[in-house]
Amino acid sequence: FGSRPNQLARVMGYGQYHSSNKGPIAANWDRRLARAILDAAAKNDEGLASIALQQGASPSAATPDGVSALHIAAASGSAGVLRLLVSAQASLESEYGGTTPLDVAISEHQGACVLAILALGGDLVLEPLRQAPMELWRDCLHDCLAACRAPAELEDVELVRAVLSLRGPEELGDEGIWPSETYRETVQAQEARRALFLAVTRRWFGGAAVLLIVRANADRRDPKCHRTALELAEALLDADVAATLRAHGAQSYFNPGHAEWALCVSAIRTDIRCVRHWAQQAQPDWREPPPSLRCTPLMYAAAEGHFKTVKVLVEAKACAALEDAEGRTPADLARLRGHFKLANWLEFLGNKQLRDGTVSPDSLRPGPWEPPPGWVQDGTETREVPQPHVSVPEEDWEVGEKYLTVTIISAVGLQAGFMNFSNDPFVRVRVGSQVMRTTTKEGTSSPVWNEPLEFENPVTGREVVVCTIFDEDTSGFGDPMLLGRNEYRPKQFLRQLLRGEVITLEQSIGGLAVEDANTTLTVSLGMSRVKPSATDAGTSPANPTSGGMTSLATAKPAAPGGQSGGAAAGGAFL
């Protein structure tokens, strides 16, 4: 459309011309107004959207692929445009590929759009969440908290209260109801506690305040580390969040070893400011209590590979020869995660400390743990959540850097994309920032590739393998059409992969316009010790062009609070 003033002028011209004409020319103006609405949704341009709607644009406008303006607004974080579309009677129940605008907003972590949809849709969007998977419900809650304003506003409080009151299927009884009201309250209290810890970690001031107003108990302790949200805020040296917690009645009693636990949390997060602060107060060789692996702060820092943190701890007289509950030294943990230079230096330092008599060989392994005087802990929670931790190698695991190989084997039952009259599928695979693709198989709905795609980045255990299937437009006139998408998490099979096993997975393809369990994609995951080169056979760089919903990702901002340090390894906190 050119510059924004030209956009607005042209849109007003479309409306004036459209009002006095009918037939093919008017239909052309309809398409241009629809394009203006889609453009406004992608760019969060409320002025353009408002004028286009006034000139007769349809609030239900969609791309040729069927992606509605509401879906684009939800994916782009255009909360203002989304409100305009809904006020003009756009339906929040509209679907693309089986996903609603709320699903899209949650998947893209657009908290402002999630709050707007919940406020506008009411029970219409809340009821489906009641039966949604628990992970989707949690993502919805966390996105709401990330977008809550500070100081807390009544509308945000009521929306978070409504989301917390929803029932996840994992807590339903045989008859689809809560086993008991007490049980329901317990589950909601523990979910509020987990959300509060996350809000503290990511500095969501408004979200933390809203949770405390709604129902979160500021003194509820994490069942793993037995610490409160206030202890976590103090460990992160976050005075503002700590003041918010105290203002809502959080007690200032800390379990023994607070400075040492705070040093562990700081080492995991590689927060050098906090490490320097707590290293002056803490005993550097303190071990975390069970159910952790009795790691020291130096072990956590070594596993993260952060040399500055390791150096500060060594200067504070931390011992590099100590072992965790499974007999691994800081050097072993660093080497396991691929930090070889750091591992060699720590191994040299540990051997030197043993020769100098700094540490006794009899005290390398952790002894039995007894709760110290004054130790307070809550009971276990109703349902445990898997906790991120340093991967534990077995004796037959190879040590060293590993590289992921994703082999695209075959697909079954694919349907040709919109306006593509033949099926010419290919698969684009993304692992982190690296993207590769298979060759295109022309004229088949059940392609067989058997193409290994070897990725150059060392495996960390946090990867998500995203396989997106497209239908190539072999005519060359259009972009590839999105057919479906699957995600795989190698962490679920990390033990087998590190042993050299190959994991083959056959799954139904997600994101289809019409869900079909018989439409499947088969892939295999494996690891190797040889770093692939860019010219390896069987690999090809991905085409940067995309079609369908993938085009929405181009304007996607980062997920709120997306830092990886929010959960501590080995039991620091959930």
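This is a walk through some helix contacts, two sheets, a salt bridge and two backbone details of the structure above. Keep in mind as you read that the model is predicted.

Let's begin with the helices. Two packed helices are described by the angle between their axes and the distance between the axes. For helix H10 (residues 154-164) and helix H12 (residues 205-214), that angle is about 65° and the axes are 9 Å apart. H10 is therefore roughly perpendicular to H12, and the crossing of the two is right-handed. If you would like to display the contact, select Asp-156, Val-157, Val-160, Arg-161 and Leu-164 on the H10 side, and Val-210, Leu-211, Ile-213 and Val-214 on the H12 side. Sorted by character, the residues of this contact comprise seven nonpolar, two charged and no polar ones.

Now move along the chain to another helix pair. Helix H15 (residues 258-269) packs with helix H16 (residues 272-279) at an angle of about 155°, their axes 8 Å apart. At this angle H15 is roughly antiparallel to H16, and their crossing is left-handed. H15 brings His-258, Ala-259, Ala-262, Leu-263, Ser-266 and Ala-267 to the contact, where they meet Cys-274, Val-275, Trp-278 and Ala-279 of H16. Eight of the residues in this contact are nonpolar and two are polar, with no charged ones.

The sheets come next. Strands of a sheet pair through backbone hydrogen bonds, either parallel or antiparallel. One open sheet here has four strands in the order E3-E2-E5-E6, with antiparallel pairing. Strand E3 (434-437) and strand E6 (481-488) are at its edges; each has a single partner strand, so one side of each lacks a neighbour in the sheet. From one strand to the next, the twist averages 20°. Looking at one pairing in detail, strand E5 (residues 465-471) runs antiparallel to E6 and is joined to E6 by seven bridges. A handy place to find this pairing on screen is Asp-471, which stands opposite Met-481 in E6.

Another open sheet also has four strands, in the order E4-E1-E8-E7, and again the pairing is antiparallel. Its edge strands are strand E4 (448-458) and strand E7 (503-508), each of which pairs on one side only. Ignoring direction, neighbouring strands of this sheet are turned against each other by 20° on average. Six bridges connect E7 with strand E8 (residues 520-528), and these two run antiparallel. Here Leu-505 stands opposite Val-523 in E8.

Let's turn to charged side chains. Side chains of opposite charge can pair when their charged atoms come close. The count of salt bridges in this model comes to 19. One example is the pair Glu-191 and Arg-194, with an N to O distance of 3.2 Å. Both belong to helix H11 (residues 181-201), and because they are three residues apart in this helix, about one helical turn separates them.

Finally, two spots in the backbone are worth a look. Most residues other than glycine have a negative phi, and most peptide bonds are trans. Leu-237, however, has a positive phi, near 55°. This leucine lies in the loop between helix H13 (229-235) and helix H14 (239-247). The other spot is the peptide bond between Pro-290 and Pro-291, which is cis, with omega about 10°. Pro-291 is placed in the loop between H16 and helix H17 (297-304).

Conventions: Residues numbered from 1 in each chain as written. Predicted model: local features only at pLDDT ≥ 70, side-chain atom pairs only at ≥ 80, totals over all residues. Heavy atoms only, no water. Axes fitted to C-alpha atoms, helices over the stretch in contact; angles between N-to-C directions. Parallel < 35°, antiparallel > 145°, perpendicular 65-115°, else oblique. Left-handed = near helix turned anticlockwise from the far one by under 90°. Contact = heavy atoms within 4.5 Å. Nonpolar A, V, L, I, M, F, W, Y, C, P; charged D, E, K, R; others polar. Pairing = 2+ DSSP bridges. Salt bridge = Lys/Arg side-chain N within 4 Å of Asp/Glu carboxyl O.
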